[in-house]
Amino acid sequence: MKLKDCIPQIDDDYILDTWDPKEIIEVLWDNGEPYPANILQFGETKRKYKEMKLKYKEKKRQMKEENKEVQGEMIKFGVKTIPAAKLALCRTDYSKHVGDLLDICFGRETLSESVLKCSKSRTSKTNVLDEGTINDIMAHVMGKFEPISIGMVRAAIRQKLNTCHKSKQRNGM
């Protein structure tokens with residue numbers, strides 16, 4: 001849809017192909033009232049996007065500076081030891097935090113081929129995730145996000161495993 005189709009009251013004096021979007025035009029509704037200003041501000045969204053991008057970069061730089069303080073510390077999850085700086089980059093929602101920790105500790109390839117607990121009817125092709133590491137991740141998440149139950153953490157782990165398995169199937173890895 002072209003601009004002139006949306007705004008039929010624009011005079012044909014304007015050549016919309018070469019029209020500068022910063023140029024102010026007065027467009028009226030059928031009842032004579034002007035359109036709200038935000039409809040006609042075509043350059044505003046680009047400027048807002050740039051502002052948001054700058055704020056994001058600034059926030060990321062601040063996080064890197066904060067992480068330099070905890071750079072040397074290491075945290076142990078079962079048999080895996082990860083830097084505290086990586087742990088600080090995990091997201092703040094508990095289910096996303098669980099997913100980030102699983103990615104850091106096991107990697108996506110391992111997660112896509114693994115299960116949380118193996119039943120006796122399963123084939124030997126599936127790997128079972130290290131129980132000590134899983135227990136440490138659950139304890140860490142339940143301690144950080146206080147009202148979270150063990151069932152909720154297990155559900156988040158299963159959801160992450162299912163997501164990795166489905167993405168592996170889609171991508172044909």
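**Close-up 1. Helix α4 against helix α6 in a predicted model.** Here α4 (residues 94-106) and α6 (residues 131-144) have axes that come within 11 Å and cross at roughly 150 degrees. Axes are lines fitted to C-alpha atoms, for helices over the stretch in contact, and the angles run from 0 to 180 degrees between N-to-C directions. That angle makes the two helices, α4 and α6, roughly antiparallel to each other (under 35 degrees counts as roughly parallel, over 145 as roughly antiparallel, 65 to 115 as roughly perpendicular and the rest as oblique). The crossing of α4 with α6 is right-handed, the near helix being turned clockwise from the far one by less than a right angle; anticlockwise would be left-handed. On the α4 side, the contact residues are Tyr94, His97, Val98, Leu101, Leu102, Cys105 and Phe106, and they meet Thr133, Ile134, Ile137, His140, Val141 and Lys144 of α6 (contact means heavy atoms within 4.5 Å). Sorted by class, this α4 and α6 contact has 9 nonpolar, 3 polar and 1 charged residues. For the classes, Ala, Val, Leu, Ile, Met, Phe, Trp, Tyr, Cys and Pro are nonpolar, Asp, Glu, Lys and Arg are charged, and the others, Gly among them, are polar.

**Close-up 2. Helix α6 meets helix α7.** Now α6 packs with α7 (residues 150-171) at an angle of about 120 degrees, and their axes are 10 Å apart. That puts α6 oblique to α7. Here too α6 passes α7 in a right-handed crossing. Look for Ile134, Met138, Val141 and Met142 on α6, and for Ile150, Val153, Arg154 and Ile157 on α7. The class tally for α6 with α7 is 7 nonpolar, no polar and 1 charged residues.

**Close-up 3. Helix α4 crosses helix α7.** The axes of α4 and α7 come within 9 Å, with a crossing angle of roughly 55 degrees. α4 and α7 are therefore oblique to each other, and their crossing is right-handed. From α4, Tyr94, Ser95, Val98, Gly99, Leu102 and Asp103 meet Met152, Val153, Ala156, Ile157 and Lys160 of α7. Residues in this α4 and α7 contact divide into 7 nonpolar, 2 polar and 2 charged.

**Close-up 4. Two single residues, Ala85 and His165.** Ala85 sits in helix α3 (residues 84-88) and is buried, at 11% relative accessible area. Its C-alpha is 8.4 Å from that of Met74, with the two positions 11 residues apart in sequence numbering. His165, in helix α7, is partly exposed at 37% relative accessibility (buried is under 20% relative accessible area, exposed over 50%, partly exposed in between, with a 1.4 Å probe and protein chains only). His165 and Thr110 are 55 residues apart in sequence, yet 9.6 Å apart C-alpha to C-alpha.

**Pulling back. The whole protein.** There are 7 helices and 4 strands, running α-α-β-β-α-α-α-β-β-α-α along the sequence. Helices (H or I, at least four residues) and strands (E, at least two) are DSSP runs, numbered from the N terminus. Of the 173 residues, 25% count as buried.

Residues are numbered from 1 along each chain as its sequence is written, and side-chain values use heavy atoms, leaving out hydrogens and water. In this predicted model, local features need pLDDT of at least 70 and side-chain atom pairs count only at pLDDT 80 or more, while totals for chains, interfaces and linings use all residues.
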